[in-house]
Amino acid sequence: MAEGAASAFLSYTRLDDEFFGGSITTLRRMFELGVQVVTGDRTFSIFQDVDGIELGQKWQKRLDEAILESTFLIPIVTPLFFTSDPCRDELSKFVAHEKSLGVDDRILPIYFQTAPTLEKSDLLQKDALAQEVRSRQLYDWRDRALLPTDDLRVKASVLELATSIGEALSRVVGAPPVNIPPVDIRLREEL
C-alpha cells in the first residue's frame, strides 16, 4: 500500500465467503475498482487477509498494522460476523482507532445477511459491538447476496456503494466530492 494512500480493511468471515461462492472476495475487488473508477484514485485499496498477508509475515501483526493503516473499516455483517472472535477483534480495534483520531465516521458496514443480533432488541442490548454497528448507516446488500456478481443489479449497487465510499473519502482527505448520477437499471434491462 502506498504511503498515505486511502484504504479500507475488509472484515468478514471466511465461512460466509465460502458459502456464498467467494462472492465476498469478488465484491471486495469490485468495490476497490469501483472506488478507483469514481474517484480517479488508482491507489485506493481494500485490505483482505487472503491477499494482504505475504509469505512469512505474522498474521496477527500484519492484521493489526493493516487496521491502523486503513482509512475505513468495511465489515461484512452477517450472523457469523458477531460470533467470530477475529471479526469482533477487528471491529473493536478499529473503533479504538477511530476514537484515537477523534472521528466517528470511518466504519462503513455492509449488511450482507440478516443478523438477529442487529434485529432483536434483547440481543442487541447485550452486545456493545453490535450496538456500534447498528448506530451506523448500514448499506443493505441482503437482496443482492445471492445474485451472481456479474448481474447488472449487483454492478449498479457496486457503483452506488463505490460512490458512497468516494464521498466518505472526500470528507476524510478533502478530495472533491464524487458526483455520479444514479444508475437506472430498468433501462439496461429493457435493452
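Is Arg 144 buried or exposed? In this predicted model, Arg 144 is buried, with a relative accessible area of 15%, and the legends below place this residue and others among their partners.

**View 1. Arg 144 and Asp 143 meet through their side chains in a salt bridge.** The N to O distance given for this pair is 2.8 Å. Asp 143 has a relative accessibility of 59% and therefore counts as exposed, whereas Arg 144 counts as buried because its value of 15% falls under 20%.

**View 2. Glu 132 and Arg 136 form a salt bridge.** The closest N and O atoms of Glu 132 and Arg 136 are 2.6 Å apart. Arg 136 is buried, with a relative accessible area of 10%, while Glu 132, at 22% relative accessibility, counts as partly exposed.

**View 3. A salt bridge between Asp 105 and Arg 171 links distant parts of the chain.** The side chains of these two residues, Asp 105 and Arg 171, meet with an N to O distance of 3.3 Å. Asp 105 sits in the loop between helix 6 (85-101) and strand 4 (110-111), whereas Arg 171 belongs to helix 10, and the two residues are 66 residues apart. Asp 105 is partly exposed, with a relative accessible area of 25%, and Arg 171 is exposed, with a relative accessible area of 51%.

**View 4. Arg 28, Arg 29 and Glu 32 are linked in a network of salt bridges.** For the structure as a whole, the number of salt bridges is 16.

**View 5. The largest nonpolar core is made of 28 residues.** The residues with the most contacts inside this core are Leu 27, Phe 31, Ile 74, Ile 76, Phe 112 and Trp 141. Two or more residues are given to the core by each of strand 1 (7-11), helix 2 (23-39), strand 3 (72-77) and helix 10 (152-173), and helix 10 gives the most, with seven residues. Apart from this core lies another one, of 23 residues, which includes Ile 53, Leu 73, Cys 87 and Ala 115.

**View 6. Ile 76 is shown with the residues that it touches.** When residues up to four places away in sequence are not counted, Ile 76 touches Leu 10, Ser 11, Tyr 12, Ile 24, Phe 81, Ile 110 and Phe 112. Of these partners, Phe 112 is also listed, together with Ile 76, among the residues with the most contacts inside the largest nonpolar core.

How values were computed: Residues numbered from 1 in each chain as written. Predicted model: local features only at pLDDT ≥ 70, side-chain atom pairs only at ≥ 80, totals over all residues. Heavy atoms only, no water. Core = buried A, V, L, I, M, F, W, Y, C linked by side-chain atoms within 4.5 Å. Buried < 20%, exposed > 50% of the residue type's maximum accessible area, 1.4 Å probe, protein only. Helix = DSSP H or I, 4+ residues; strand = E, 2+ residues; numbered from the N terminus. Contact = heavy atoms within 4.5 Å. Salt bridge = Lys/Arg side-chain N within 4 Å of Asp/Glu carboxyl O.
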